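The following exercises concern helix packing and chain contacts. Each task is followed by a solution in steps.

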Amino acid sequence: MHVGIRAMAEDLVLDTAIRDWVLIPLSVVMVLIGVLRYFVSMLLCSSQTPDAKIVKEGQVILRARNLRTGANFVPSKSFRLRKIYFCNEENGLLFVPKGQVQNPQAQMFSDPNMAMDMMKKNLSMIIPQTLTFAWVNFFFSGFVAAKIPFPLTQRFRSMLQNGIDLSTVDVSYVSSRSWYFLNLFGLRGLFSLILGEENAVDDTQRMMQMGGFGFDPSKGLSAEKDNIDITQHDWALPYCEQRAEAVLRKVIS
Amino acid sequence: MAVHSDSASSGKKSSNGPNELLTFNAENMQNNMKIIYYSRTFLSIIGGVVAGILGFTGLKGFVFYLLLMGLTSLGLVAKAGFSTHTYFDSWNRVLLDGFLGGLMSFVLFWTFAYDIVHIF
């Protein structure tokens, strides 16, 4: 592959073969790998019979949350009734005696199914990326692959042009490694359109999910209890009869 | 554009008269958010290709992207009948959501189209 330099301008004329054999195949491969990853994750997701206790706790939390959001629409007495039901010290639903608070993380790691699932998700994310990156580096290094249409400072040179050893070439001319990274970030939007509804969760989002592990069950109950405790009741429908009357009048007339 | 035609911003939230109390139907809100996201992504991709073919470089390209996002917001507001408060809970959602997500797709397709048309 040759790079021909025209005498006066700084524009490089790049070989058409680069376009045919580098840019397009790389993008196509990344799209296909993304689709493949999606299908593989669909096939591999093992159905896990959920633990009854955890489901029960989850539902209690949901109920408490609904109470909190809808608190202003029930009369004050009903709200207090429900609040006591949830937060009562002796047998309220959300009250967990100190000794029984289970550590979810220990539980999670000791449960083999969940550990396997996590590992599978991690692997299915990391392996295609690593493989593709290695492939790009091996085959497509050492030449200019593309020109990015906007100018960048000299600092980006080492990052974007790592295979190219000429220091006089404009920083806009990048190597194929940076084309790979550009694709990595830019194809997220495309995946969400193709694969429908955020199924194409990309790596950065997944990594953020992995990082923040706060699992609901442990702190969930006491957090919900505190939240309900501080919820004030503010009756939102004080003139509901008058308003209903107005609406009905409008409808009838 | 398929995305626009079959996606009516759905679901109002009810607003109670004199008390100005707004309630949200969470599911509909989510649906509306999704629609915004799809519109933005689709338009960034198309806009990227257009910018590349037209040969925008540097700042012009980014200005074009900003224009595009402004157009998207305008279109969404018009579709919502200029009363965004019945469909979304704050102005920021309509105007700014999905802004940066579309940027990466825009840059990718801009680079792609620009290279294919102008450099090679």
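**Exercise 1.** Is the crossing of helix 2 of chain B and helix 3 of chain B left-handed or right-handed?

Solution. The model is predicted, local features need pLDDT of at least 70, side-chain atom pairs count only at pLDDT 80 or more, and totals for chains, interfaces and linings use all residues. Residues are numbered from 1 along each chain as its sequence is written, chains are lettered from A in the order in which they are written, and side-chain values use heavy atoms, without hydrogens and water.

Step 1. Helices are DSSP runs (H or I, at least four residues), numbered from the N terminus. Helix 3 of chain B covers residues 59-79 and packs against helix 2 of chain B at about 145°, with the axes 10 Å apart. Axes are lines fitted to C-alpha atoms over the stretch in contact, and angles run from 0 to 180 degrees between N-to-C directions.

Step 2. The crossing is right-handed; that is, the near helix is turned clockwise from the far one by less than a right angle, whereas anticlockwise would be left-handed.

Step 3. Contact means heavy atoms within 4.5 Å. Among the residues of helix 2 of chain B that meet helix 3 of chain B are B:Arg40, B:Leu43 and B:Gly47, and the partners in helix 3 include B:Phe64, B:Leu68 and B:Leu76.

**Exercise 2.** Describe how helix 7 of chain A packs against helix 2 of chain B.

Solution. Step 1. The axes of helix 7 of chain A (residues 176-194) and helix 2 of chain B (residues 26-54) come within 10 Å and cross at roughly 125°. Helix 7 of chain A is therefore oblique to helix 2 of chain B (under 35 degrees is roughly parallel, over 145 roughly antiparallel, 65 to 115 roughly perpendicular, the rest oblique).

Step 2. This crossing is left-handed.

Step 3. A:Gly189, A:Leu190, A:Ser192 and A:Leu193 meet B:Tyr37, B:Tyr38, B:Thr41, B:Phe42 and B:Ile45. By class, six residues of this contact are nonpolar, three polar and none charged.

**Exercise 3.** How many residues does each chain give to the contact, and what is the area buried between chain A and chain B?

Solution. Step 1. Chain A gives 35 residues and chain B gives 29.

Step 2. The buried area (accessible area, 1.4 Å probe, lost by two parts on being put together, summed over both) is about 2,700 Å², with 74% from carbon and sulfur atoms. On the chain A side, A:Pro149, A:Phe150 and A:Leu193 lose the most area, together 22% of what that side buries.

**Exercise 4.** Where does a salt bridge occur?

Solution. Step 1. The criterion is a side-chain nitrogen of Lys or Arg within 4 Å of a carboxyl oxygen of Asp or Glu. Between chain A and chain B the count is zero.

Step 2. Over all chains the count is one. The side chains of A:Arg249 and A:Glu245 meet in a salt bridge at 2.9 Å, N to O.

Step 3. A:Arg249 and A:Glu245 are separated by about one helical turn, because they lie four residues apart in helix 10 of chain A (residues 240-252).

Key: Helix = DSSP H or I, 4+ residues; strand = E, 2+ residues; numbered from the N terminus. Nonpolar A, V, L, I, M, F, W, Y, C, P; charged D, E, K, R; others polar.
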